[in-house]
Amino acid sequence: MSDRFDTIDRISELVVHLGRACRSEDGHSDLTAAQWTCLRFFARANASTRTPSAFASFHATTRGTASQIIKTLEDRGLIARHRSESDGRSIRFDLTGSGRTRLSGDPLGQLNGLLGAFDAAECEAFLATLSRLASSLAGLKKTRAFGTCSDCTYFTPADDRGFCACMAARLDADEIGKLCGSYHSPAESVPHLQTAPYLQTSRTDQ
Ligand code: SF4
């Protein structure tokens with residue numbers, strides 16, 4: 001049994017180590033790690049998720065800190081704000097042309113390059129495992145989960161488009177791969193994935 005716990009510890013350490021190692025790459029840039037995260041977030045998220053509060057949840061920070069990060073990117077002309085056409089009050093952020101150009105020099109490119117050496121099936125399995133883990137952790141911490149339509153319980157595929165039962169709206173193909181803050185993971189409907197035996201067992205039981 002201790003081998004399993006050692007393996008689980010090792011995986012947790014490696015996940016944290018990879019995050020730290022990638023963040024150190026940001027040190028060579030004039031954007032901070034948080035600003036890069038913000039730029040990526042607004043590039044990847046769907047329209048209803050590109051808001052300051054969704055970014056604050058995604059980055060696990062306060063609204064105040066998230067607003068400061070957003071303001072810096074806005075002042076530098078990398079993102080721009082737009083008012084919602086429907087209610088005129090909610091604000092959405094989009095990357096500007098400069099923001100998109102800037103993203104092509106993303107420090108995460110090095111990690112992307114390494115992942116590119118894995119075959120498609122390995123990448124899909126890796127993505128599914130990490131997505132399930134992120135959703136289970138969000139469920140455990142009672143925070144918002146982020147994900148894409150392909151494995152969301154609200155999603156029904158239809159040809160190359162789809163339907164979202166949460167928003168009661170049809171989705172175009174390019175929206176289906178976007179990050180969504182209303183995402184609901186199948187893992188959230190499976191209690192044992194949120195309260196794994198590892199968390200229920202005292203380390204003295206090993
Ligand atoms: S199907 Fe799920 S992930 Fe897709 S837009 Fe709807 S809530 Fe978001």
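This briefing describes the nonpolar cores, one helix and the cysteines of the structure above. The model is predicted: local features need pLDDT of at least 70, side-chain atom pairs count only at pLDDT 80 or more, and totals for chains, interfaces and linings use all residues. Residues are numbered from 1 along each chain as its sequence is written, and side-chain values use heavy atoms, with hydrogens and water left out.

**Nonpolar cores**
- The largest nonpolar core (buried Ala, Val, Leu, Ile, Met, Phe, Trp, Tyr and Cys residues joined through side-chain atoms within 4.5 Å) has 22 residues, of which Leu39, Phe41, Phe42, Phe55 and Ile79 touch the most other members.
- At least two residues of this core come from each of helix H2 (33-44), helix H3 (52-58), helix H4 (63-75) and strand E2 (91-95); H2 gives the most, with 6 residues.
- Helices (H or I, at least four residues) and strands (E, at least two) are DSSP runs, numbered from the N terminus.
- Another core lies apart from the largest one and has 10 residues, including Cys149, Leu171, Ile176 and Tyr183.

**Helix H2**
- Of the 12 residues of H2, 10 are buried (under 20% relative accessible area, with a 1.4 Å probe and protein chains only); among them are Trp36, Arg40 and Phe41.
- Beyond its neighbours within four places in sequence, Phe41 is in contact (heavy atoms within 4.5 Å) with Thr49, Thr51, Ala54, Phe55, Phe58, Phe146 and Leu179.

**Cysteines**
- The structure holds 0 disulfides (pairs of cysteine sulfur atoms within 2.5 Å).
- Cys152 counts as buried because its relative accessibility is 12%, and Cys180 likewise counts as buried, at 9%.

Key: Buried means under 20% relative accessible area, exposed over 50%, partly exposed in between (1.4 Å probe, protein chains only).
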